[in-house]
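Hi,

Here is the structure I said I would pass on to you. Have a look through it first, and then read my notes underneath.

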Amino acid sequence: MAGTNLVAGILGKISKDPYKIIGPFINGCSPETIRRFQLMMLADGVFEPRRKRRGDDSVLGIKLWNKKFPNPIGVAAGYDVNVQAIDALMELGYGFGEVGTMTYEKDTIPRKIIKLKADQAFIDQSIGYNNLGSGELVQRLVERRGHKGIVGVSIGENTNYAEKEEDVRNRVDPIEQYKNLVRVVAPYADYVTVNISSPNMMGTAEYETEMGFDKLVRNLKDALQKSAPINTPQLLFKIRTDISDLTKEVIAKIAIKEQVDGLIIGGTSKRRPEELKSSVAYKETGGLSGKPIFDSSTFLLKEMYYYTQGQIPLIGVGGVFTGKDAYIKIRSGASLVQLHTALMYKGPKVVEEIKTDLAKRLKADGFKSAAQAVGVDLR
Ligand SMILES: Cc1cc2nc3c(=O)[nH]c(=O)nc-3n(C[C@H](O)[C@H](O)[C@H](O)COP(=O)(O)O)c2cc1C
């Protein structure tokens with residue numbers, strides 16, 4: 001860390017975006033090294049603005065639930081898993097952030113990620129969510145209380161099983177795990193996301209049936225209400241990108257019936273589009289992220305906006321690298337947008353160019369606020 005501090009000091013002095021200098025070297029490393037290094041740099045203040053950052057252009061502001069988002073660009077779950085740098089990310093100008101995915105018990109299964117540089121993508125082969133567990137992470141959330149920024153917490157189930165059917169049957173009831181997690185994070189989260197989006201987890205399929213999703217939603221709404229009756233955080237569900245048409249309708253129907261606060265659309269994708277440059281992608285299984293999933297995740301976003309009749313706030317995630325991408329997600333029904341792969345390839349300051357370009361596009365099309373543009377391509 002001391003080394004990073006020194007590097008931090010020097011880089012911060014010579015460049016507005018230190019990642020433009022150091023990024024090309026780090027980008028040769030493994031995905032986990034890239035992420036760890038970025039988080040370390042963030043926590044060490046390498047990206048701290050040299051001058052006080054100007055507030056966001058008012059066209060980017062969006063009111064959702066009972067919250068005022070200064071802009072709609074957020075950090076997706078899976079990046080700052082262990083609540084290491086979320087406040088530095090908020091300082092940098094993200095409109096909101098999501099930490100986790102957190103599990104109740106510590107999860108030590110190492111992450112397995114393949115880098116597809118030519119496609120600006122990753123394949124996530126991790127089973128489960130490697131993280132420090134709710135004991136340590138809730139403590140970190142307690143310690144950051146009072147910091148500014150809208151910060152959600154993503155929760156997931158512990159994987160004490162591999163990919164075998166019999167192990168899935170023997171696992172600890174996931175609803176109980178989610179309820180325990182909701183109880184401990186609710187007082188410290190602006191919103192809670194139940195992550196059922198990982199294509200590598202066999203168990204999540206049971207929540208894609210009408211009964212399964214309904215049971216999950218009702219149980220967690222109740223647990224959340226009881227754990228934080230005042231200032232109750234919003235309850236969101238992050239869904240898989242590869243769901244069937246029937247599942248789309250089922251999720252939308254229950255989301256409307258139970259008045260779910262929001263859906264995040266979506267996780268990584270098991271599918272492989274035809275035009276991938278990295279041939280290894282066709283040999284390896286796992287969840288694809290980044291540029292190649294922009295079209296499919298945006299299409300799903302449109303479908304979910306249509307099925308939910310614009311009544312449920314949607315967060316669009318998948319392949320957003322530019323202001324244009326964010327604008328398309330918003331026009332396709334997203335009230336908010338999240339980044340993951342772009343952050344890893346372009347560094348945390350990518351948010352600035354995305355916001356500048358997004359504001360220009362909104363104004364050029366005559367919108368007074370981002371909210372006005374939500375779903376216009378479907379209206
Ligand atoms: C290596 C990796 C790890 C991820 N970990 C999580 C996670 O812990 N929780 C989660 O909800 N999503 C996780 N995701 C999914 C991302 O948050 C995001 O939904 C997906 O990558 C699509 O967005 P992107 O194209 O901007 O990366 C992960 C994705 C990748 C590539």
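Below is what I found, going from the overall layout down to single residues.

One thing to keep in mind throughout: this is a predicted model.

**The two domains**

The protein splits into domain 1, residues 1-52, and domain 2, residues 56-378. Their C-alpha centres are 25 Å apart. Where the two touch, domain 1 puts in 14 residues and domain 2 puts in 17. On the domain 1 side, the elements giving two or more residues are helix 2 (18-26) and helix 3 (31-43). Helix 3 has the largest share of that side, with eight residues. If you sort the domain 1 side by character, you get seven nonpolar, three polar and four charged residues.

**The barrel**

Next, the sheets. In general, the strands of a sheet pair through backbone hydrogen bonds, and they can do so in a parallel or an antiparallel way. Here you will find a closed barrel of eight strands, in the order 3-4-7-8-9-10-12-13, and its pairing is parallel. On average, neighbouring strands in this sheet are turned by 25° against each other, ignoring direction.

Strand 8 (residues 191-195) is a good place to zoom in. With strand 7 (residues 151-155) it shares four bridges, and the two run parallel. Two of the residue pairings there are Gly152 with Tyr191 and Val153 with Val192. Strand 8 also pairs with strand 9 (residues 234-239), again in the parallel sense, over five bridges. In that case Thr193 has Leu236 of strand 9 as its bridge partner.

So is strand 8 buried or exposed? Five of its five residues are buried, so the strand is largely enclosed by the rest of the structure. Both of its faces are covered: Tyr191, Thr193 and Asn195 are buried on one side, and Val192 and Val194 are buried on the other.

**The small sheet**

There is also an open sheet of three strands, ordered 5-6-11, and this one has antiparallel pairing. Strand 5 (113-116) and strand 11 (287-288) are at the edges with a single partner strand each, so each has one side without a neighbour in the sheet. Strand 6 and strand 11 run antiparallel and are joined by two bridges. Across that pairing, Ile123 stands opposite Leu288 in strand 11.

**Around the ligand**

Which residues come nearest to the ligand? Out of the 26 residues around it, the answer is Ala76, Gly78, Ser289, His340 and Thr341. The elements that contribute two or more residues to this shell are strand 6 (121-124) and helix 13 (341-346). By character, the shell has 11 nonpolar, 13 polar and two charged residues.

**Some unusual backbone spots**

Most peptide bonds are trans, and most residues other than glycine have a negative phi. These places go the other way:

- The peptide bond from Gly100 to Thr101 is cis, with omega near 15°. Thr101 belongs to strand 4 (residues 96-102).
- Ile265 and Gly266 are also joined by a cis peptide bond, with omega about -10°. Gly266 sits in the loop between strand 10 (262-265) and helix 10 (280-283).
- Asn231 is not a glycine, yet its phi is positive, at about 50°. You will find Asn231 in the loop between helix 8 (210-227) and strand 9. Asn231 has 9 other C-beta atoms within 10 Å, so it counts as exposed.
- Gln309 has a positive phi too, near 50°, and is likewise a residue other than glycine. Its place is the loop between helix 11 (294-307) and strand 12 (314-317). Gln309 is exposed because it has 9 C-beta neighbours inside 10 Å.

**One more residue**

Finally, take a look at Lys253, which lies in helix 9 (residues 245-257). With 15 other C-beta atoms within 10 Å, Lys253 is partly exposed. How far apart are Lys253 and Asp214 in sequence and in space? They are 39 residues apart in sequence, and 9.5 Å apart in space from C-alpha to C-alpha.

That's the tour. Shout if you would like to go through any of it together.

Cheers

Key. Residues numbered from 1 in each chain as written. Predicted model: local features only at pLDDT ≥ 70, side-chain atom pairs only at ≥ 80, totals over all residues. Near = placed C-beta within 6 Å. Nonpolar A, V, L, I, M, F, W, Y, C, P; charged D, E, K, R; others polar. Buried ≥ 20, exposed ≤ 12 C-beta atoms within 10 Å, placed from the backbone. Pairing = 2+ DSSP bridges. Axes fitted to C-alpha atoms, helices over the stretch in contact; angles between N-to-C directions. Domains from an automatic or database assignment. Contact = placed C-beta atoms within 7 Å.
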